[in-house]
Amino acid sequence: THHEFWSAVDRCVFVSATPGAIETSWAAAETGAAVDGYKGVELVVRPTGILDPMIEVRTSRNQLRDILKEMNSCAAKGEAVLVTTITKKMAEDVADFVHDNSSLRVAFMHSDVKTLERVNIVQEVQG
């Protein structure tokens with residue numbers, strides 16, 4: 001029964017492709033959220049078997065200098081770096097900062113860049 005289960009379990013992670021009302025109410029009760037306002041957490045599982053990269057969350061203080069330091073470290077090992085940003089303007093600003101403060105080959109791409117121009121950008125950055 002539910003009572004027996006909950007008396008034996010200290011913590012629980014709910015995983016459901018299609019959570020129903022009972023799962024939502026359990027999860028909301030655990031988080032203290034209102035049932036109607038509880039959205040849960042989306043888990044995207046890739047069927048390709050490709051692992052997601054390690055993610056490191058850092059402070060936003062000095063983030064451009066920090067990213068430039070990381071880029072230089074990767075470049076010293078012959079590695080390439082891809083930086084993703086939230087906005088088009090941010091992509092342009094990051095590329096400008098890196099260009100102005102290093103000798104790294106850098107460019108930005110976003111939806112305003114035409115498809116054929118993207119090929120040229122990749123080739124130029126690869127050197």
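What follows is a short chat about helix 3, the core and the largest pocket of a predicted model.

Me: Before we start, what kind of model is this?
Reply: It's a predicted model, where local features need pLDDT of at least 70 and side-chain atom pairs count only at pLDDT 80 or more, while totals for chains, interfaces and linings use all residues. Residues are numbered from 1 along each chain as its sequence is written, and side-chain values use heavy atoms, with hydrogens and water left out.

Me: OK, helix 3. Why does its span agree with what we'd expect?
Reply: Helix 3 covers residues 63-76, and its 14 residues at 1.5 Å a residue should span 20 Å; the end C-alpha atoms are 20 Å apart, so that agrees. The expected span is 1.5 Å times one less than the number of residues. Helices here are DSSP runs (H or I, at least four residues), numbered from the N terminus.

Me: Which residues of helix 3 are buried?
Reply: L68, M71 and C74. Buried means under 20% relative accessible area, exposed means over 50%, and partly exposed is in between (1.4 Å probe, protein chains only).

Me: And what's exposed on the other side?
Reply: R65, K69 and A76.

Me: What do the buried ones pack against?
Reply: Helix 4 (88-101). Contact here means heavy atoms within 4.5 Å.

Me: Which residues make up the largest nonpolar core?
Reply: Six of them: L68, M71, V94, F97, V98 and L104. Helix 4 gives the most to this core, with three residues. A nonpolar core is a set of buried Ala, Val, Leu, Ile, Met, Phe, Trp, Tyr and Cys residues joined through side-chain atoms within 4.5 Å.

Me: What does V98 touch?
Reply: Leaving aside neighbours within four places in sequence, V98 is in contact with L68, M71, L104 and V106.

Me: Switching topic: how much space lies in the largest pocket?
Reply: About 970 Å³. Of the 23 residues lining that pocket, E56, I67, L82, V83 and T84 are the closest to its centre. A pocket, on a 1 Å grid over the protein atoms alone, is an open set of points where a 1.4 Å probe fits, with protein on both sides within 12 Å along at least five of seven lines; lining residues have an atom within 4 Å of a point.

Me: Which helix gives the most to that lining?
Reply: Helix 3, with seven residues.

Me: Last one: where does N62 lie, and is it buried or exposed?
Reply: N62 is in the loop between helix 2 (21-31) and helix 3. At 54% relative accessibility, N62 counts as exposed. Its phi is near 55°, a positive value in a residue other than glycine.

Conventions
Helices (H or I, at least four residues) and strands (E, at least two) are DSSP runs, numbered from the N terminus. Grid points are joined across faces, edges and corners, and a volume is the space filled by probe spheres set on the points.
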